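User: Could you walk me through the helix packing and the ring pairs here? I'd like to see how each label gets earned.

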Amino acid sequence: MTFKGKKVLLFGLGILGGGVAAANWLMRQGARVTVTDLKTRNQLADSIARVTGTAVWKLGGHSFEDVDACDIVVVNPDVPIASEYIQYAFTQGKMVLNEAAIFFEEFARPIVAVTGTRGKTTTTAWTEYFVSSQFASSIAGNSSTHPFLNVLDRASSLAAAVVELPSFHLELLDRIRIQPEVAVITNLSRDHLNRHKTMEEYAAVKANIFRFQTAIQHLVLNVDNSWTDFFAGLKPASRVWYFSLRPLADGREGVWHDRDAVYFKSAGSVSKVLSLDDITLALGEHNLANLCAAALAAHCLGVSWENIQTRLNSLPKIPFRQETVFATDRLMIINDTTATSPEGAIQAIKRFGSRNAIFIAGGTDRDLEYSEWARAVCEYIKPGNLIMLEGSATDKMRATLGSWADPVPLYSTLAECFSAALKKAGAYSKSVIVFSPGAKSFEKFKNEYDRGEAFNTLVRDLKDKQ
């Protein structure tokens, strides 16, 4: 793949960093780059300031003429391939790529690829941490910290990469027939149906992560997830491994967690491969599942169980994922802003829920279903200890709770929610405040990270007053 001298239309600059990395990388390859975005120059000012080369800017809207004028279209993942402009590019025979596709084409080293509705970022981070115990490696694909094309710039110093692949990145990857050495699907649940329309379509996009693997490559699936049979039913050519929180059934190979250990089954033989201490066990069931997936993926890449064991006591903390941002003898505050679905919030409710726990929830609706979330709320949270931030999802959440929600306060700002939570926490000798929205945030924030930073600012103000 060559970009030198080619006219490249970067379709969507965005604000998270991936578009900036793509623009800079393309210009370093000698491409003539035009950037188009629905956002205006003022809205994109921070991103534009980080573009180091000379680009042509077509902001505040898109045009078919820009597609006609280019040789290659590079699509920001926030732009659906169903876009009329992207579909037009296909009809005109344009090469249409995204930054993930470029990375897979150019990296030329073993790749572990991780996808799933929940747990992607944690599983990616922990897999890379295990892999780095034995090989020079890097995370790639987290736009804010490890944009694909920034990592590609230092590929010569790496032996492997562990990449995070949301479904939006996977939409185009069937066109280049990606073949990661190890593919991982953490789980699948209802999400992104405003883009993928049906669960079956969503699952089919996720399956692009392993669709073109060969018999010498590996696929890691979650036995405990109901969509695993769908993926297995596609008859992957790769060797299939499983992870679980229960012993694996006959005929299935992989790992499972039981009490204070992880066990590995291969070729009919079972062995204890990891010992877990109390700190690791306290991470919660969802993180024990992530740990099993990460350890198995790293082992499939060639990392020894002994090396994995040495890293269990120093697993990296993932920002905004059940992250402890304040702790005293009387109060602990948890920022779980990346719980953007009911399933994510349920994990926090199960881990931290108690009569002394105060939860803040609510946000923007994406056609998600909240009945399981409501059941967890009623089981684990004391009536009156749930505080809600206004939003379209909040209306649905309150309706699902029924009369239980009658005493639940509703506020228009996060600051008001936090102030109310502090007041409630003051009634207990020991308490925890958990910000786990269970929804996206676009009605009040740029994204969940912007929301998380806003929450942390409120917490820092509290610290300053201590």
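Analyst: Sure, starting with a helix pair: H16 (residues 371-380) and H17 (residues 392-401) pack at an angle of about 60 degrees, their axes 9 Å apart. Bear in mind that this is a predicted model, where local features need pLDDT of at least 70, side-chain atom pairs count only at pLDDT 80 or more, and totals for chains, interfaces and linings use all residues. Residues are numbered from 1 along each chain as its sequence is written, and side-chain values use heavy atoms, with hydrogens and water left out.

User: Why is H16 called oblique to H17?

Analyst: Angles under 35 degrees count as roughly parallel, over 145 as roughly antiparallel, 65 to 115 as roughly perpendicular and the rest as oblique. The angle is about 60 degrees, so H16 is oblique to H17.

User: What makes Phe-103 and Phe-107 a stacked pair?

Analyst: Rings of Phe, Tyr and Trp (its six-membered ring) pair if their centres lie within 6.5 Å; planes under 30 degrees apart count as stacked, over 60 as edge-to-face and the rest as tilted. Phe-103 and Phe-107 sit 4.9 Å centre to centre with 20 degrees between the planes, hence stacked. Both lie in helix H5 (residues 99-107), four residues apart.

User: How do you know that Phe-103 is buried?

Analyst: Buried means under 20% relative accessible area, exposed over 50%, partly exposed in between (1.4 Å probe, protein chains only). Phe-103 has 0%, so it's buried.

User: And why is Phe-230 called partly exposed?

Analyst: Its relative accessible area is 28%, so Phe-230 counts as partly exposed.

Key: Axes fitted to C-alpha atoms, helices over the stretch in contact; angles between N-to-C directions. Helix = DSSP H or I, 4+ residues; strand = E, 2+ residues; numbered from the N terminus.
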